[in-house]
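Work through these exercises with the model open beside you. Try each task before you read its solution.

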Amino acid sequence: MTASDDAVAGGHVPAAAVIDADGTVSGWSRAAEQLLGYTAAEIVNRSAAVLLRSPDAAARVAGWMERVAGREEWSGLVEARHRDGGGVMVHLRGCRAGVTEETPRWVVLASPVGEAAASVLEPLVNRSPVAMCLLDRDLRYIWLNETAESVSDYFPRHLGSRVDDWPKNGIEQLIAAGRRLLEDGVPVIDREIRRASTAGREERTFSMSLFRLDGVDGEPLGLVSMAMDITHSRARRRLAMLAEASARIGTTLDVMKTAQELAEFAVPGLADYVTVDLADSVLPEEGPLQRLAATDDSIPAFRRAGQASLHPRFPESLWARGEAVYVPPASPFTAVLSSGCSHFEPKLDTSSGTWLDVDPCRAKVIHDTGMHSLIIVPLRARGEILGITVFVRTENATPFAEDDLTLAEQLVARASLSLDNARRYTREHHAALALQRHLLPRKLSGGGAVEVASRYLPSDVHNGVGGDWFDTIPLSGGRIALVVGDVTGHGINAAATMGRLRTAVRTLAHMNLPPADLLAHLDNLVLRLNEQDTGASGLSAAEIGATCLYAVYDPATRRCTLSAAGHPPPAVVAPGGAVTFPPVPAGTPIGLGLASYESLDLELEPGSLVVLYSDGLIETRHADIDAGMARLRAALSDPALPLETLCGTVIDAMVNDTSSEDDVALLVARTL
């Protein structure tokens, strides 16, 4: 075995390197040396092009750096050059480490494709009936899933072997198509071939598909081979259903909708009636089941999250979606929940002496609807049981078979991952929203200087709650400070960071600093926080960044002084209704350490409006900021409205009853 082969089969510690914006390697780990054979002394301060196995490596690295320059992270595949001259296909993941967008620096983690595939895909693909293989550009096998290894009697391949190393037996055309695929990228789909076993005693039919594997720079690295045993028609049917399930189950991060998608997908293709019942931990917003009344014969064990039936009005169901589901303590439902193993009952036993004796309501439904075959599969993800899925046949007279059980388990396994993702998202979203609401001001005061009103609208996208905030801060001499800010990122970290910045702004405001000086102090403070959070490696896992608009209004002079740190300008509405967007010097966002801010002074008439907002109000994927500001100008056309009414009018006009793509913070002040 060569050094590059050792690297491919090596350990589990990802290789790490640091690459500057110009493609120069400035850091090299011991694991990187083990993977590619180069020592740090041989690589550091040299172009990353030396690590690519390509005649135009320098141009590819330059194009690659240009494409990823504006990203926070990226990932993909590339064929690296080992020191011995061989190629190693690796999975790369890059994370931005630089402090400015102009001079980014990347921490790049690399793992051999075999290890990456095993760690990321193994829970899914090793249970799949599809035999999957990865081949490099020389058509050498570099990874096989368990199914591929199990059909070695028909495909005598092994890691490191090439397609030319084993008998062709009539698949020469498929191999030729694979070589063409490396050139033109046109996939080979559902090519049927017949293969005899090595002993020649049995022959099977396989559906073969090939598609090209491209690297981060778009260059071909190898092929993915997928083979499905379709000797029996059930196998083809299963493959089609699993492929369709991937597109139809888990389309959102909504737990109830995902459960309903699973139930509806399985009817009538697999069962005549399906229910998806989930545990408390998956639906935390519902009341705890433990608080519901229980008897010796029936306990509340689940909540009904999804159900589907061939019949209208669900005659098979005793409970509607969202209701608690009661089961006998000694029943197949509780047995599946406690054991984590499926219950398979091709012929449902309704005779005397079974668990149905203590569940007369279910017994009656089974008799009235003709239920005769039952499968119960646990919903399990990351070692935790989330609930159960029940499959029943009534109209279909054929009992469930072992193949049906396998298909049911595979469908549920896919849905379980989607349900767990939805549950985790919902938990974090609710926690971040609760934290953010706790940190935002509960009651705003304009003192004797202004009348104020506000709105906060959390986003409803998958990224979750952001870090927008607003505040009013009474100052000495009857003055009032108005603040709106927007922390980079989403989730709990963004909400917590927002709380830190809001506290910092209030502290600095009471030092009576001019707006530009306050933002400069805030920028320096955030820079120091980032430095404190930076580890020994010199890299920060989550650097703080934000935009902010800070204004101070003095009712004695009617002067309003504003300063911005990368934030959109305010809207100022004259008592007569004229709307302007004063050209406040934009400044740099908070956290860059540049501390370069200027102020703008305005004189406001009594009854003027100062409208501060975050960019989520005016910017969407479908319209730029200028269009959003034009819409905001129109929404502020009636400044005489009560401020609470005006805030509602603005939100209605700007969001249009649709889910906002980003958090929206709105603060409106009327001078007295």
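## Exercise 1: a five-stranded sheet

An open sheet of 5 strands runs in the order 2-1-5-4-3, and its pairing is antiparallel. This is a predicted model: local features need pLDDT of at least 70, side-chain atom pairs count only at pLDDT 80 or more, and totals for chains, interfaces and linings use all residues. Residues are numbered from 1 along each chain as its sequence is written, and side-chain values use heavy atoms, with hydrogens and water left out.

Task: find the edge strands of this sheet, then follow the pairing of strand 4 with strand 5.

Solution.
- Step 1. Fix the terms. Helices (H or I, at least four residues) and strands (E, at least two) are DSSP runs, numbered from the N terminus. Two strands pair if DSSP finds at least two bridges between them.
- Step 2. Strand 2 (25-28) and strand 3 (73-81) are the edge strands; each pairs on one side only.
- Step 3. Neighbouring strands of this sheet are turned by 25 degrees against each other on average, direction ignored. Axes are lines fitted to C-alpha atoms, for helices over the stretch in contact, and angles run from 0 to 180 degrees between N-to-C directions.
- Step 4. Strand 4 (residues 87-96) pairs with strand 5 (residues 105-112) over 7 bridges, in the antiparallel sense. Look at G94: its bridge partner in strand 5 is V108.

## Exercise 2: a glycine in strand 2

Task: is G27 buried or exposed, and which residues does G27 touch?

Solution.
- Step 1. Locate G27 in strand 2.
- Step 2. G27 has 13% relative accessibility, so it counts as buried. Buried means under 20% relative accessible area, exposed over 50%, partly exposed in between (1.4 Å probe, protein chains only).
- Step 3. Leaving out residues up to four places away in sequence, G27 touches A16, A17, V18 and V44. Contact means heavy atoms within 4.5 Å.
- Step 4. Check N45 too. N45 and G27 are 18 residues apart in sequence, and their C-alpha atoms are 8.4 Å apart.

## Exercise 3: the two sides of helix 7

Task: which residues of helix 7 are buried, and what covers them?

Solution.
- Step 1. Test the length. Helix 7 (residues 172-184) has 13 residues, which should span 18 Å at 1.5 Å a residue; the end C-alpha atoms are 18 Å apart, so the two agree. The expected span is 1.5 Å times one less than the number of residues.
- Step 2. L174, I175, A177, G178, L181 and L182 are buried in helix 7. They cover an arc of only 155 degrees around the axis, so they lie on the same side of helix 7. The arc is that of the directions from the helix axis to the C-beta atoms.
- Step 3. Turn to the other side of helix 7: Q173 and E183 are exposed there.
- Step 4. The cover over the buried residues of helix 7 includes strand 8 (188-196), strand 9 (203-214) and strand 10 (220-229).
- Step 5. Just after helix 7, G185 has a positive phi of about 75 degrees.

## Exercise 4: a six-stranded sheet and its helix

Task: in what order do the 6 strands of the open sheet stand, and which strands does helix 9 touch?

Solution.
- Step 1. The order is 13-12-11-16-15-14, with antiparallel pairing.
- Step 2. Strand 13 (324-327) and strand 14 (343-345) are at the edges with a single partner strand each, so one side of each has no neighbour in the sheet.
- Step 3. Neighbouring strands of this sheet are turned by 30 degrees against each other on average, direction ignored.
- Step 4. Strand 11 (residues 273-278) and strand 16 (residues 384-393) run antiparallel and are joined by 6 bridges. T275 stands opposite V390 in strand 16.
- Step 5. Helix 9 (residues 255-266) packs on the sheet and touches strand 11, strand 12 (299-309), strand 15 (373-381) and strand 16. The direction of helix 9 makes about 55 degrees with that of strand 12.

## Exercise 5: the whole chain

Task: how many helices and strands are there in the protein chain?

Solution.
- Step 1. The protein chain has 16 helices and 26 strands.
- Step 2. Of its 672 residues, 50% are buried.
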